[in-house]
Amino acid sequence: MYRRAGRVDLAAAADISEENLAAFQEKFAARRAFSDYRQMLEQVRPAVVSICTYVGLHREMIEACASAGVKAVICEKPFVASPADLTAVRALAERSGLRIALCHIRRYLPAMQRAVELFHGGAVGRPTLCFASLDGWDLSEMGSHWFDLFRFFNGDAAPLWVMGQARVTNQRGFGHAMEDHAVAVFEFANGCRGVLEAGRPHPGGFNILLAGSDGTIRILEENTLSVDSCDGRRVELFADHPGSGWEAMWDHLLQDVLSWLDTGREPMTGLGNISPSVELNLGAYISAVRGDRVDLPLQDDTSEWPVEILARRAGG
Ligand SMILES: NC(=O)c1ccc[n+]([C@@H]2O[C@H](COP(=O)([O-])OP(=O)(O)OC[C@H]3O[C@@H](n4cnc5c(N)ncnc54)[C@H](O)[C@@H]3O)[C@@H](O)[C@H]2O)c1
């Protein structure tokens with residue numbers, strides 16, 4: 001993505017793993033390489049930093065970037081590990097002017113953008129339900145994309161509440177406890193509900209169902225829309241669209257971040273717009289911890305990954 005951008009110099013890479021850093025350098029040849037990201041920030045003073053580590057490291061890395069005068073951070077999802085981290089990072093961005101974009105690159109897929117046009121635009125009537133199973137994946141490492149997409153399909157409506165339940169035993173991955181099975185039910189300000197199931201294989205795979213008062217839209221393989229309404233069935237194919245490739249999504253994200261730096265206009269993947277999706281995601285787990293519905297915006301000062309709390313309770 002950086003290599004293709006033309007106006008970006010890939011100044012440095014940092015990784016605590018010697019092996020991974022060497023592999024990165026072999027493929028991308030950044031001008032300098034560091035085992036300590038703080039040294040990299042101090043010595044290189046980069047303008048833009050991609051944070052591609054696990055969620056538990058994001059807050060401290062963002063704080064270090066702000067201290068080193070970084071102008072923009074492109075941060076992986078899930079964004080932060082706790083409600084307390086989210087509050088702190090939002091305050092930091094406000095205070096320092098650090099621009100933070102999240103890698104919710106699926107927003108750039110032509111099929112997803114067309115789904116917004118149709119669903120939010122009323123092609124199947126009033127939006128009533130978004131459903132997906134994460135086909136074995138969890139509510140955060142993969143589910144964070146889907147929470148965010150469901151908001152996207154509803155014109156980035158504010159989420160009002162979320163009820164979450166999770167079975168957690170001893171599964172770990174990406175540096176944190178992970179659920180075996182979980183479900184989240186939530187509502188957006190336009191009245192549309194979302195239902196997201198995680199942790200169990202599902203015959204529908206990752207496919208998404210959007211139901212309206214007058215029909216349905218199914219998003220298949222992230223590149224095909226099947227629209228059923230009183231006019232019959234219509235299928236729209238996006239697999240061969242030039243914007244549907246993996247590289248195109250990332251290029252779009254970087255262009256948005258660079259133009260944010262140039263013009264001051266925050267893109268749809270900026271923290272300001274994505275923040276309610278992060279609250280919805282964390283809120284689903286907090287709901288499971290509390291055994292109660294969580295109303296949004298999130299009022300909570302939990303300072304650890306909520307699934308760790310559930311894992312401790314389960315004796316994991
Ligand atoms: N946006 C997307 O589409 C997308 C795609 C894949 C992965 N991800 C996300 O990216 C994150 C990383 O996933 P992954 O599969 O690439 O993991 P990974 O284990 O392959 O890579 C993580 C890297 O971070 C390095 N690292 C760990 N601690 C570090 C530290 N203190 N300083 C510097 N480097 C450190 C590790 O050595 C490793 O090389 C996850 O949160 C995942 O959800 C997002």
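Start at Gly291 in this predicted model. Select Gly291: its phi is positive, about 65 degrees, and it sits just after helix α8.

Now step back into the helix. Select residues 271-290, which make up α8. Count 20 residues here. Put a distance between the first C-alpha of α8 and the last: the span is 26 Å. At 1.5 Å a residue, 28 Å would be expected, so the helix comes close to that figure.

Show the surroundings of α8 next. Is this helix largely enclosed by the rest of the structure or largely open? It is largely enclosed, because 15 of its 20 residues are buried.

Move to the sheet. Select β3, β4 and β5: these three strands form an open sheet, in the order β3-β4-β5, with parallel pairing. The edges are β3, residues 48-51, and β5, residues 99-102. Each edge strand pairs on one side only. Look along the sheet for its twist: neighbouring strands are turned by 20 degrees against each other on average, ignoring direction.

Zoom in on β4, residues 72-75. How many bridges join β4 to β5? There are four, and the two strands run parallel. For one residue pair, select Ile74 and look across to β5: its bridge partner there is Ala101.

Finish at the ligand. Select the shell around it: 17 residues surround the ligand. Label the closest ones, which are Ser17, Asn20, Thr53, Glu76 and Cys103. Then colour the shell by residue character. Ten of its residues are nonpolar, three are polar and four are charged.

Conventions: Residues are numbered from 1 along each chain as its sequence is written. This is a predicted model: local features need pLDDT of at least 70, side-chain atom pairs count only at pLDDT 80 or more; totals for chains, interfaces and linings use all residues. A residue is near a molecule or strand if its C-beta atom, placed from the backbone, lies within 6 Å of it. Ala, Val, Leu, Ile, Met, Phe, Trp, Tyr, Cys and Pro count as nonpolar, Asp, Glu, Lys and Arg as charged, and the others, Gly among them, as polar. A residue is buried if 20 or more other C-beta atoms lie within 10 Å of its own, exposed if 12 or fewer, and partly exposed in between; C-beta atoms are placed from the backbone. Two strands pair if DSSP finds at least two bridges between them. Axes are lines fitted to C-alpha atoms, for helices over the stretch in contact, and angles run from 0 to 180 degrees between N-to-C directions.
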